[in-house]
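Trainee: Could you take me through the nonpolar core of this one? I'd like a close look at that part.

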Amino acid sequence: MTDEELKEQVVLALKAVYDPEIPVDVYELGLIYDIKIFPVNNVYILMTLTSPSCPSAGSIPSEIEEKVRAIEGVNDVSVELTFDPPYSTELMSEVAKLELGFM
């Protein structure tokens, strides 16, 4: 599997993770800032949450790690949580904005 193919699989896995309070997956919600594939299929994900006081702060990153680690061929997964830049609804995809009534 190429790095690009693996990245596509990672995005599909991320689309299976939802914020329990919002009916949109974390990828479309714009919570994923970066996905990097390093040698030997090590995956790095930089993400944020809708707010620093998000009640799902403990569960969402671990669920992301679990789903990505389950992809065949993934060697290791690192999920880093950041609040810089702060989350804004501008980061949402058009799909998310439609789903949540922002459009």
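Mentor: Here's the core, with a little context around it.

This is a predicted model, where local features need pLDDT of at least 70, side-chain atom pairs count only at pLDDT 80 or more, and totals for chains, interfaces and linings use all residues. Residues are numbered from 1 along each chain as its sequence is written, and side-chain values use heavy atoms, with hydrogens and water left out. Mean pLDDT (the predictor's confidence in each residue, from 0 to 100) is 93 for the protein chain, with 100% of its residues at 70 or more.

Now the core itself: a set of buried Ala, Val, Leu, Ile, Met, Phe, Trp, Tyr and Cys residues joined through side-chain atoms within 4.5 Å, where buried means under 20% relative accessible area with a 1.4 Å probe, protein chains only. The largest one has 27 residues, and V10, L14, I45, I64 and V68 touch the most other members. Two or more residues come from each of α1 (3-14), α2 (26-29), β1 (32-38), β2 and α3 (59-69), with α1 giving the most, 5 residues. Those labels are DSSP runs numbered from the N terminus: helices are H or I, at least four residues, and strands E, at least two.

Zoom in on L14. Skipping neighbours within four places in sequence, L14 is in contact (heavy atoms within 4.5 Å) with D25, V26, Y27, I32, I35, I45, I64 and V68. As for β2 (residues 42-47), confidence in the protein chain is highest there, at a mean of 98.

Stepping back, the chain runs α-α-β-β-α-β-α along the sequence, and buried residues make up 38% of its 103 residues.

How values were computed
Buried means under 20% relative accessible area, exposed over 50%, partly exposed in between (1.4 Å probe, protein chains only).
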